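Work through the following exercises with the sequence and the coordinates at hand, and attempt each task before reading its solution.

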Amino acid sequence: MMKSRRLALRALAATGAAAFLGSCATNAPQDTWQPKGPNAKMIDDLQQPVFAVAGIIGIIVAAAVGFAIWRYKDRGQPIPEQTHGKPALEITLTVIPALILAVVGVFTFRVIFDLARTDDTQLVINVTGQQWWWEYDYPVQNEWGITQPIISSGQLVMPVGTKVLLRETSRDVIHSYWIPALNGKRDAVPGRVHTLRLEADAPGIYAGQCTEFCGLSHANMRMEAVALSNEDFAKWVAGQQAAYQPPAEGTLAKEGESVFLNQCVRCHQVEGLKRADGTLAIAAPDENVWSGAAPNLTKLMSRNTFAGAMFNLLRDACRDDVWRADSAEFGAKYLAGVDETCLNVNDLRAWLRNAPEVKPMYANPALLADTNGKYRGMPNLGLSESDIDKLVAYLLTLK
Amino acid sequence: MFKVGSKLFLGLSGFASFNLVAYIIFVERLAIGGVALSMVLAALVGLTAIVMLINEGDSESQPRDNALTGASLWPLMTVVGLMLLVLGLVVAQIYFVLGIVVVLAALAEWLVQAWSESASDDPAHNESARQRLLHPIEFPVIATLGLGVVIFSFSRVMLAISKSAGAVVFMVVASLVLLAGSWFALRPALKGALVSAICVVGAVGIVAGGIAGAGVGLRTDLAEAAEEGHYLHRECGVEKSKYFDKKAMKTLSLRSNVTAIIELRNGRLSAVMVGFGEPQQRVTASRANPVTFIFRNFDEAERRMVASLGSAMAAGAAAPETTEGDSHAEKNETCTQLIPQGAEQALTVKYDKPSVAQDAPLTLTVPGVAGQAIEVFVP
């Protein structure tokens, strides 16, 4: 008896220690208790006292139940007097929780309405979810130097200290956008435009994840918000709007451009890319992909991630260098993008070699009857190693 | 050990197992259908076990009196249902669904009949027990089906004859129904057979009229409208369209979460979008994704909004999609109905190709309002 009780106590202590140590993790980029912007702070300021009050009440209730169990357990004593109802006590026990909930409700409603504000927006970004990646398009906003729309994916780039409004929608099923450090969740629903405010206090990268189950690779549908200083954001905007620079003739990258035109452009758009006859290469994801879209790769190497932010474009050391850079250096390091020395070539080659093998997707050509022959995800293109070499060289030029 | 009930459930379990295996092999392993068939199989195995465990409710084996059992159509109907199920797996889903309905109905009738026939030694009591159990289900179902046939037949008559004749026929039929109903109500002593006969004659008359009407087909104006697609055909000009603009909707239930609200005010067109402080002249629309615009007309004249769908739409294999299955893609435009001052309508458009693939900018315009256009940019 004593032995089993000792074992139970040890197990309880171990579980408590594990939970305590788990809360001390330093590398927890999706920690909801570490707000990095005013919107997330509003939520945090609400949930901290609510959590404290709820915790205290929970402890009191648990202690009372424990005491009652211990104090009044059957020891052979006579059954106490049985009474029906105690109005004063019942009213008290109803009014107190009602008051607590009313007070919590007042503050909650205030936060809900504050988080729903759109009239103070400084920058608008359209966000479209699809299986299993996010597309970002920046409508023309001359005050930010955006004179032509910018299309990107994987990483949402925004200026620091700015009230950014995401206009979210979806192309296929319901997704949910969530960057815990910057705000709560908001569903992206097909046919509807929902809004979500984001604002970051300091430059840096803030990780997030789709939080509405959306199919096979839901767990791999990630996102990162990159906050840059206003000057760095202006540089990023200028870089995104820069004209396409074709690779030099006779280079491996030029051969990669041909491979891209033969294979990838069926779904992936690169703005400014032209075919051999001089006509613009227009991707046709609407004819090949179930959602009707595939990531725009125009400035791929200005991003740090690919394949729905599941994989890093940077090697671990280079990525750590960017993630851990202090505020003053972060912008320059991020804007440096990806070069040959920092490219995570292993993951990129694996992706190009056989994408469905490294990320679960509905991309088996034999099983597309339900989607009219269209893919949900990137199929295995059957590229040769030589073609992969050329493509990697070409993709490195998309900066 | 194995009696009638356990044999039935064992057979059904075997049939469900076969279906499950066939589904997994020939259709898809991880589909919801496999889960559903597994659940059916589990339920049937459970029922088999219960039936065998309780020895089919008999405390001791009783010899069956064959004189108490009558002929039954339900085994035959069950087989017909099973054939429809199998046919449906190969041909079309509707047969599969019909097969499920027929199998379930026939099995229910069969099981209740089999149970009632062994309820007692009195055939009259057994029949009464069957009726008590099934009539509350049978009568509403048969009445629903009968009414459905009568209503469908009557609709064929109304679609075949002219509008004016239709009004007369409707009044005459309605008056006859009212008169007959009043007569039945005032004369409760009327014989049931007479009432039944009058109802049957009326129903047969309507069904016969319906068959005749279906034979004649739609009246001329409806046939022409259907043939020329008048009700689907969107005429997007300044003038009022005879068919498309008929009974234009003037208000919406959908008011929020749209891509943009396009307002026509004092002859000027502007786009109001959440997040943008000022009205815009340019809207970004997500590619290959249905986007919804609301058009609000504040001008005195009746106006409509027209969305150009671009040249690449016509060249592309996929036809543009709109809210109401528009078949007017050949014009590369779609539009709202003509709406008066203060009214609003929604228009859902899907742009499959980007703006760079177009010969001319994609726009939202209002016929009759010159020099005003909202540019739609599709990345």
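**Exercise 1.** Compare the radius of gyration of chain A with that of a compact globule of 399 residues.

*Solution.* A compact globule of 399 residues would have a radius of gyration near 21 Å, whereas chain A has 27 Å; the radius is taken over C-alpha atoms, and the globule rule is 2.2 Å times the number of residues to the power 0.38. Next, take the principal axes, along which the C-alpha trace of chain A spans about 100 × 50 × 45 Å.

The model is predicted, so that local features need pLDDT of at least 70 and side-chain atom pairs count only at pLDDT 80 or more, while totals for chains, interfaces and linings use all residues. Residues are numbered from 1 along each chain as its sequence is written, and chains are lettered from A and ligands numbered from 1 in the order in which they are written.

**Exercise 2.** Establish how strand β5 (residues 164–170) of chain A is placed with respect to the rest of the structure.

*Solution.* Begin with burial (20 or more other C-beta atoms within 10 Å of the residue's own, with C-beta atoms placed from the backbone): seven of the seven residues of β5(A) are buried, so the strand is largely enclosed by the rest of the structure. Strands here are DSSP runs (E, at least two residues), numbered from the N terminus. Then examine the pairing, which requires at least two DSSP bridges between two strands: β1(A) (residues 123–130) runs parallel to β5(A) and is joined to it by seven bridges, with Thr128(A) partnering Thr169(A). Finally, β8(A) (residues 194–198) runs antiparallel to β5(A) through five bridges, and Val164(A) stands opposite Leu198(A).

Definitions and conventions: A residue is buried if 20 or more other C-beta atoms lie within 10 Å of its own, exposed if 12 or fewer, and partly exposed in between; C-beta atoms are placed from the backbone. Helices (H or I, at least four residues) and strands (E, at least two) are DSSP runs, numbered from the N terminus.
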